[in-house]
Amino acid sequence: KRITVGQVLGSMIVAFNMDRGGVYTAKQLFINPGKAVREYLGANRFHYTPPFRILIITTTLAFLAFGFTEAFQDAESQFTAGFNGSVEENRGEEVDVTAETKQILREISPYFNFILWTFIPIVSLFSWLFNLKKNFNYAEHLVFQTYLFCISNILCFLFPFDNFINQAVVFGVVYVAVMFYYVYGYRGFLQKTWIRSVLESILLFFLATAIWGTIVGLGFGIYVAQTLQL
């Protein structure tokens with residue numbers, strides 16, 4: 001049988017899991033992320049889209065949105081220029097590896113999602129270690145951090161506005177919103193004061209980012225060195 005428009009639309013709905021509350025999940029995460037995660041871990045789980053499914057959807061849409069920003073083109077140009085400079089310094093001669101750089105970006109681009117997602121288990125580990133007395137296991141902290149990551153992805157939909165508004169303003173708004181929702185969710189989920197939530201959020205993010213950045217940086221450096229035979 002030939003595929004019809006109805007079948008295509010139906011597959012889109014299934015992919016976005018609308019029958020299991022995709023819109024409801026996003027709304028509850030924005031209203032009160034801490035409470036939403038507690039409900040998912042409790043008796044109301046059926047009303048929510050599972051965290052890893054919504055993670056895939058929101059990450060895909062976030063990358064799509066970022067591709068429409070001016071910052072994306074600027075970042076690619078700056079990365080290529082900086083990479084050329086590093087190779088020239090390493091080899092001691094003037095070279096042009098623009099083509100090689102673009103090839104490297106094309107090869108690793110399918111893994112961008114996975115690279116970003118590796119941050120979640122690391123930050124979840126510190127979230128769990130900071131709150132051993134709260135009676136949530138590591139898997140439950142993993143769910144919590146995944147949902148918060150989804151909120152960050154949704155807020156990234158604002159990035160394309162840098163085509164109409166000052167880029168620094170747009171990125172500043174997104175950054176502040178992401179930090180607010182993280183602290184807000186941390187406070188609601190773990191039932192802590194605002195001060196403790198802010199301080200612990202900053203500390204665990206610093207530790208997680210340092211470890212994640214080191215691992216990703218080393219991995220990327222080794223891959224580039226082997227690719228360009230440096």
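A residue is called buried here when its relative accessible area is under 20%, and that cut-off will serve at several stops of this tour through a predicted model.

Begin by selecting N153, which sits in helix α9, the run of residues 138-155. Its relative accessible area is 6%, so N153 counts as buried. With N153 still highlighted, show what surrounds it: once the neighbours within four places in sequence are set aside, the residues in contact with N153 are L55, T58, T59 and A62.

Next, select residues 51-66, which make up helix α4. This helix has 16 residues, and the distance from its first C-alpha to its last is 22 Å, close to the 22 Å expected at 1.5 Å a residue. Colouring α4 by burial will bring out P51, I54, L55, I57, T58, T59, A62 and A65, which are buried. Among these buried residues are L55, T58, T59 and A62, the residues just met as contacts of N153.

Keep α9 in view and add helix α3, residues 33-41. At what angle do α3 and α9 pack? The angle is about 135°, with the two axes 10 Å apart, and the pair is therefore described as oblique. To see where they touch, display the side of α3 that carries P33, V37, Y40 and L41, together with E140, V143, F144, Y147, L148 and I151 of α9, since these residues make the contact. If you turn the view to look from one helix onto the other, the crossing of α3 past α9 is right-handed.

For the last stop, move to the charged side chains. Side chains of opposite charge can pair when their charged atoms come close. How many salt bridges does a search of the whole structure find? The search finds two, and K192, R196 and E200 are linked by them in a network.

Select E200 and K192 to begin with: they form a salt bridge whose closest N and O atoms are 2.6 Å apart. E200 is buried, with a relative accessible area of 12%, and K192 is buried as well, at 10%. Then add R196, which forms a salt bridge with E200, the closest N and O atoms being 2.8 Å apart. R196 and E200 both belong to helix α11, residues 194-228, where they are four residues apart, about one turn of the helix. R196 has a relative accessible area of 45% and is therefore partly exposed, whereas its partner E200 is buried.

Conventions:
Residues numbered from 1 in each chain as written. Predicted model: local features only at pLDDT ≥ 70, side-chain atom pairs only at ≥ 80, totals over all residues. Heavy atoms only, no water. Salt bridge = Lys/Arg side-chain N within 4 Å of Asp/Glu carboxyl O. Buried < 20%, exposed > 50% of the residue type's maximum accessible area, 1.4 Å probe, protein only. Helix = DSSP H or I, 4+ residues; strand = E, 2+ residues; numbered from the N terminus. Contact = heavy atoms within 4.5 Å. Expected span 1.5 Å × (residues − 1). Axes fitted to C-alpha atoms, helices over the stretch in contact; angles between N-to-C directions. Parallel < 35°, antiparallel > 145°, perpendicular 65-115°, else oblique. Left-handed = near helix turned anticlockwise from the far one by under 90°.
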